[in-house]
Amino acid sequence: MKKWGILLSVLAVVLLQGQFLAAEEDIQKHPTCKYCGMDRQMFALSRMLVEYEDGPAVGVCSIHCAAVALVMNADKMPKAIRVGDFNSKELIDADKAFWVVGGSKPGVMTQRAKWAFQKQKDAEKFRADYGGEPANFDQAMKASFEDIYSDLKMMWGKRRKMMEQ
């Protein structure tokens, strides 16, 4: 009986390590966002990976830049879209994630935050702490497209201030 417990413990560690290495592989292959240059390791909780049926994957820092990637590659069919879980930072299927749009926690590359969670209870706890509205991936992506122009204006303003200093 003790041997089974040890074997299961070792197996769990190996499986968890494999997931960690897969996440690290994603960041090693795409260390910076293709569109804004941000460090994807630093923004592992919001990073996304868009994989296309007929081409290489595109690594981005956020759903904002994923929206840009989808527009820039409109002639390609996405095979899989994955996003970093807010808590674990592991890549999860964006369609299966529980999304929160808005709230008081600042977003990445956007004024209206969009966060993904693997577990519904984690999304609900986040909403209790920071507010925001529950959403699915389509709703979160639609919000990203709606926000792109105002987000660009925000970024331009920040760049202007940096240049003036």
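Q: How do the residues lining the largest cavity divide into nonpolar, polar and charged?
A: In this predicted model, the largest cavity holds about 40 Å³ of space. Its lining is made up of Ser46, Ser62, Ile63, Gly107, Val108, Thr110, Ala113, Lys114 and Trp115. Glycine counts as polar here, and the lining divides into 4 nonpolar, 4 polar and 1 charged.

Q: How many cavities of 30 Å³ or more does the structure hold?
A: We have just met the largest cavity, with about 40 Å³ of space. The second largest cavity has about 30 Å³. Counting cavities of 30 Å³ or more, the structure holds 2.

Q: Which strand gives the largest share of the lining of the second largest cavity?
A: Leu45, Ser46, Met48, Ile63, Val83, Trp99, Lys114, Trp115 and Ala116 line this second largest cavity. By class, they divide into 7 nonpolar, 1 polar and 1 charged. The largest share, 3 residues, comes from the strand covering residues 114–117, which is strand 6.

Q: How much space lies in the largest pocket?
A: Let's turn from the cavities to the pocket. Its lining consists of Cys36, Met38, Gly107, Met109, Thr110, Met154, Met155, Lys158, Arg159 and Met162. These residues divide into 6 nonpolar, 2 polar and 2 charged. The space in the largest pocket is about 180 Å³.

Q: Is helix 2 roughly parallel or roughly perpendicular to helix 4?
A: The axes of helix 2 (residues 63–72) and helix 4 (residues 137–164) come within 8 Å and cross at roughly 95°. Angles of 65 to 115 degrees count as roughly perpendicular. Therefore helix 2 is, relative to helix 4, roughly perpendicular.

Q: How many nonpolar residues does the contact of helix 2 with helix 4 have?
A: On the helix 2 side, the residues are Ile63, His64, Ala66, Ala67, Leu70 and Val71. They meet Phe137, Ala140, Met141, Ser144, Phe145, Ile148, Asp151 and Met155 in helix 4. By class, this contact has 2 polar residues and 1 charged residue, and its nonpolar residues number 11.

Q: Over which residues is the pLDDT below 50?
A: Across the chain, the pLDDT averages 89, and 85% of the residues score at least 70. One stretch falls below 50, and beyond near neighbours in sequence it has 1 contact in the model. That stretch is residues 7–22.

Methods
Residues are numbered from 1 along each chain as its sequence is written. This is a predicted model: local features need pLDDT of at least 70, side-chain atom pairs count only at pLDDT 80 or more; totals for chains, interfaces and linings use all residues. Side-chain values use heavy atoms; hydrogens and water are left out. pLDDT is the predictor's confidence in each residue, from 0 to 100. Contact means heavy atoms within 4.5 Å. Axes are lines fitted to C-alpha atoms, for helices over the stretch in contact, and angles run from 0 to 180 degrees between N-to-C directions. Helices (H or I, at least four residues) and strands (E, at least two) are DSSP runs, numbered from the N terminus. Angles under 35 degrees count as roughly parallel, over 145 as roughly antiparallel, 65 to 115 as roughly perpendicular and the rest as oblique. On a 1 Å grid over the protein atoms alone, a cavity is a set of points where a 1.4 Å probe fits but cannot get out, and a pocket is an open set with protein on both sides within 12 Å along at least five of seven lines; lining residues have an atom within 4 Å of a point. Grid points are joined across faces, edges and corners, and a volume is the space filled by probe spheres set on the points.
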